[in-house]
Amino acid sequence: MSDKQLSRTPVPDRAEENAFFPSEYSLTQYTSSKTDFDGATYPKPYTGGKWKILMIGTQERYLMMKGGEFFSTGNHPVEMLLPMYHLDAAGFEIDIATISGDPVKLEWWAFPHEDEAIKSIYKKYEKQLKTPKKLADVIGEGLTAETPYLGVFIPGGHGVLNGVPFSKQVGDILRWAQANGRFTISLCHGPASLLATAVDGGKFAYEGYEMCVFPDSLDTGANIDIGYIPGSMAWLVGENLQKYNVKIVNTGITGQIHRDRHLLTGDSPLASNNLGKLAAEALLEAANK
């Protein structure tokens, strides 16, 4: 059956009423059995033992759309695991956390099952993904200049829109990272997490920043037309970031990445490999100063 003959109707998720996976056709457009991973060679990996990475995942599977439908989503596995591969190869230990401490949810339908790099890093961190830390326990009695996270990584996938952008704890961590010269790494829908800095009337921490974000034009157009999402979004990432004078530097999804100060971003799953390299190199440079 050719791609043109594949259904563009979202596929029902039998685990939840009025919930849907992406259509068969949309998966041929947005997923692949392999990534563009082309190696991760870091001749002088970090061996200092102090600096780590905090990866904040989503514990939520179902994103409610504007019309009440649920999108069966989570974190995009490539967006999460390929940057993790580079950071891990560069010598950084990665702690994994969710807001609730419940397991990280992945868009398993996007897992590249023929990609050895992705499979190996998933296996290495599988236990942590299924038994992550609770974000409140990571924060503990407060974050200080001595807290050992050199970077905070928040991957995308539509599931990140559940809870993460509205979490005061996420906002506290991001403000701490910015104030202490630590890196924030995110891509696709992940930069929605930056909105958490404005929760409860707080001052948005990234006003005037430039960044790559998944285009709203796809979430209001093609993603609906090809059945990737089951309806209109309840809210849009770019539109809400732009309320704070954020400049979105990409218009499409080409694998574009961008650095503005300590904020490293990418436009989509296509940016996962490039963003992983950028993050690994930037963090190595900072760690070895």
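How many nonpolar, polar and charged residues does the lining of the largest cavity have? The points below take up that question together with the pockets and cores.

1. This is a predicted model, in which local features need pLDDT of at least 70 and side-chain atom pairs count only at pLDDT 80 or more, whereas totals for chains, interfaces and linings use all residues. Residues are numbered from 1 along each chain as its sequence is written, and side-chain values use heavy atoms, with hydrogens and water left out.

2. The structure holds one cavity of 30 Å³ or more, a cavity being a set of points on a 1 Å grid over the protein atoms alone where a 1.4 Å probe fits but cannot get out. About 40 Å³ of space lies in the largest cavity, a volume being the space filled by probe spheres set on the points, which are joined across faces, edges and corners. Its lining (residues with an atom within 4 Å of a point) consists of Leu-63, Met-64, Met-65, Leu-161, Met-233, Ala-234 and Trp-235. By class, that lining has seven nonpolar, no polar and no charged residues, where Ala, Val, Leu, Ile, Met, Phe, Trp, Tyr, Cys and Pro count as nonpolar, Asp, Glu, Lys and Arg as charged, and the others, Gly among them, as polar.

3. The largest pocket (an open set with protein on both sides within 12 Å along at least five of seven lines) has a volume of about 410 Å³. Of its 25 lining residues, Tyr-30, Thr-31, His-76, Pro-269 and Leu-270 lie nearest the centre, and the classes are 11 nonpolar, 10 polar and four charged. The largest share, three residues, comes from α2, a helix being a DSSP run of H or I of at least four residues, numbered from the N terminus.

4. The second largest pocket contains about 190 Å³ of space, and its lining includes Trp-51, Arg-182, Arg-259, Glu-285 and Lys-289. Helix α9 (residues 272-287) gives the most to this lining, with three residues.

5. The largest nonpolar core (buried Ala, Val, Leu, Ile, Met, Phe, Trp, Tyr and Cys residues joined through side-chain atoms within 4.5 Å, buried meaning under 20% relative accessible area with a 1.4 Å probe, protein chains only) has 48 residues, of which Tyr-206, Met-211 and Leu-241 touch the most other members. The largest share of this core, five residues, comes from α5. Apart from it lies another core, of 39 residues, among them Leu-81, Ile-118, Ile-185 and Phe-214.

Methods. Helices (H or I, at least four residues) and strands (E, at least two) are DSSP runs, numbered from the N terminus. Buried means under 20% relative accessible area, exposed over 50%, partly exposed in between (1.4 Å probe, protein chains only).
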